[in-house]
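This report covers charged side chains: how they pair, and where like charges gather. The sequence and structure come first.

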Amino acid sequence: MPKSPMHRLVREVANVSAVTGATRRQQYSASTKRALIDVAEELFTESGYANTSLDAIVAGARVTKGALYHHFSGKQALFEAVFERVESDASKAINKALRGKRDPWEKAQAGLAAFLEIVRQPRYRRIVIQEGPSVLGYERFREQEERSTFGSVLDIVRSVLGAGDWDLDEGMLQTFARIFFGAMSSAGESVATAEDPELAAWRVEAAIGFMITGFQTLADAGVDLPTAPPAAEADEPE
């Protein structure tokens, strides 16, 4: 027997209510997770990882501990979420500084300036530079760092090396990028932990700027960069 229009209307209203209820639960869950990360970031920045308790975090976020454990396995997992967001924000800021820069030397200088601005931020200094390696472990720390900012460094290196008449394979480009990435990471740490971060940032910008100028001089002069050595000849049988 066919359903009446009223039956169909009741069923549609019920379906809409179920979807709306699910959407509201998802929104509430997302807002709870965001609140936990917001409060954790603030407390980790101010007090450090060891001195921040889960009780303080749930109290600041106005949620229960059960809600925290629904989203995170513990304090370290919550710290990793904070770390990922801080690194993601840093990557976005660097990419924004690079956007629209066609001249490779200007692009490199803009990326460097943006990075040095970021490492002077209290949350980046505390969470990424000071706390990140010890809380996450060195391997996990490097993995997260490379996932967020290495792409920007590789982009800059491609532009700089592309300015010269150099035909470098992908392996060599990656090698240059990793060397430059390591130098930037070390420089960032030196700025973040310096007694005078402004002076330290100036020194880093001057030193790396000098190296960038060196690449520009080599490119303008048409100097060749090293290429991959020829494959070793196989030993002939006696």
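## Exposure classes

A residue counts as buried under 20% relative accessible area and as exposed over 50%, with partly exposed in between. Arg-85 has a relative accessible area of 25%, so Arg-85 falls in the partly exposed class. The model is predicted, and the values below are computed from it.

## Salt bridges between helices

Side chains of opposite charge can pair when their charged atoms come close. The structure holds 15 salt bridges. In one of them Asp-38 pairs with Arg-85, and the closest N and O atoms are 2.8 Å apart. This pair links distant parts of the chain: Asp-38 belongs to helix α1 (residues 5–47) and Arg-85 to helix α4 (residues 75–98), with their positions 47 residues apart in the numbering. Asp-38 is partly exposed, at a relative accessible area of 37%.

Another salt bridge joins Glu-170 and Arg-158, with 2.7 Å between the closest N and O atoms. Glu-170 is in helix α8 (residues 170–192) and Arg-158 in helix α7 (residues 138–162), so this pair ties together parts that are twelve residues apart in sequence. Both partners are partly exposed: Glu-170 has a relative accessible area of 37%, and Arg-158 has 36%.

## The pair of Arg-120 and Glu-117

Arg-120 and Glu-117 also meet through their side chains in a salt bridge, at 3.7 Å from N to O. The cut-off for such a contact is 4 Å, so the pair is counted.

Is Arg-120 buried or partly exposed? Its relative accessibility is 23%, and since buried means under 20%, Arg-120 counts as partly exposed. Glu-117 is partly exposed too, with a relative accessible area of 48%.

## A network of salt bridges

Which residues are linked to Asp-38 and Arg-85 in a network of salt bridges? The network also includes Glu-41, Asp-89 and Arg-123. The contact between Asp-38 and Arg-85 described above, at 2.8 Å, joins two members of this network.

## A negative patch on the surface

Asp-165, Asp-167, Asp-169 and Asp-224 gather on the surface in a patch of negative charge. Residues of such a patch have over 30% relative accessible area and no salt bridge, so Asp-224, as a member, takes part in no salt bridge.

Asp-224 sits in the segment that comes after α9 (197–221). With a relative accessible area of 64%, Asp-224 is exposed, because that value is over 50%.

How values were computed
Residues are numbered from 1 along each chain as its sequence is written. This is a predicted model: local features need pLDDT of at least 70, side-chain atom pairs count only at pLDDT 80 or more; totals for chains, interfaces and linings use all residues. Side-chain values use heavy atoms; hydrogens and water are left out. Patches are made of residues with over 30% relative accessible area and no salt bridge: like charges are joined within 9 Å, nonpolar side chains (Val, Leu, Ile, Met, Phe, Trp, Tyr) within 5 Å. Accessible areas come from the Shrake-Rupley method with a 1.4 Å probe; for residues, only the protein chains shown count as cover. Lys and Arg count as positive and Asp and Glu as negative; His and the chain ends are not counted. The place of a charge is taken as NZ of Lys, CZ of Arg, CG of Asp or CD of Glu. Helices (H or I, at least four residues) and strands (E, at least two) are DSSP runs, numbered from the N terminus. Buried means under 20% relative accessible area, exposed over 50%, partly exposed in between (1.4 Å probe, protein chains only).
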